[in-house]
Amino acid sequence: MKIGIIGLPKSGKTSIFNALTGQDVSTSGFNAKKAEPNVASVDVKDSRVDVLVGMYRPKKISCARFDVMDFVGMEKKEGQVFSPSELSLIKTSDALCIVLRNFEDDIIDGHVRKIRSHI
């Protein structure tokens, strides 16, 4: 399964990506011109699998896995929110996780007001 993380710039998308994947992708310098998302695969840990492996000793163990894609923040550019290349990547997602900011910050609030005035 592929999960795409989308939302406004500086809403916490990359922080959630880092928490899910255990990576340490920089949250301060995400380039708005970057078309490719941060991508990682995550194994789903389940202690029940360990019990079954101990009981049956299979030759192969396959745990559940999902892919996470952290997309650049949504900003209206040239009459559209996503470029065609970004949209084609988003369309490959099986599910979307929309991140909404739930904190106040004067710098980010000014940035969001600027985006909304163009939408």
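Residues are termed buried when their relative accessible area is under 20%, and exposed when it is over 50%. In this predicted model, strand β2 shows an alternation of side chains: N38, A40 and V42 are directed to one face and are buried, whereas V39, S41 and D43 are directed to the other and are not. Strand β2 runs antiparallel to β3, and six bridges join the two. One residue of the non-buried face, S41, has D67 of β3 as its bridge partner.

Two of the buried residues of β2, A40 and V42, belong to the largest nonpolar core, which comprises eight residues: I5, F17, V25, A40, V42, F66, V68 and V99. Strands β2 (38-43) and β3 (65-70) each contribute at least two residues to this core. Apart from this core lies another, of five residues, including I6, M69, F71 and F82. In soluble globular proteins, nonpolar side chains tend to be buried together.

The surroundings of V42 were also examined. With neighbours within four places in sequence left aside, V42 is in contact with L20, T21, A64, R65, F66 and V68. Of these contacts, F66 and V68 are, like V42, members of the eight-residue core.

Nonpolar side chains also occur on the surface. V51, L52, M55 and Y56 form a nonpolar patch there, with a combined accessible area of about 460 Å². Within this patch, Y56 is part of helix α2, which spans residues 47-56. Y56 counts as exposed because its relative accessibility is 60%, and the cut-off for that class is over 50%.

Methods
Residues numbered from 1 in each chain as written. Predicted model: local features only at pLDDT ≥ 70, side-chain atom pairs only at ≥ 80, totals over all residues. Heavy atoms only, no water. Core = buried A, V, L, I, M, F, W, Y, C linked by side-chain atoms within 4.5 Å. Buried < 20%, exposed > 50% of the residue type's maximum accessible area, 1.4 Å probe, protein only. Helix = DSSP H or I, 4+ residues; strand = E, 2+ residues; numbered from the N terminus. Contact = heavy atoms within 4.5 Å. Patch = residues over 30% accessible without salt bridge, like charges linked within 9 Å, V, L, I, M, F, W, Y side chains within 5 Å. Areas by Shrake-Rupley, 256 points an atom, 1.4 Å probe, with all protein chains shown as cover. Salt bridge = Lys/Arg side-chain N within 4 Å of Asp/Glu carboxyl O. Pairing = 2+ DSSP bridges.
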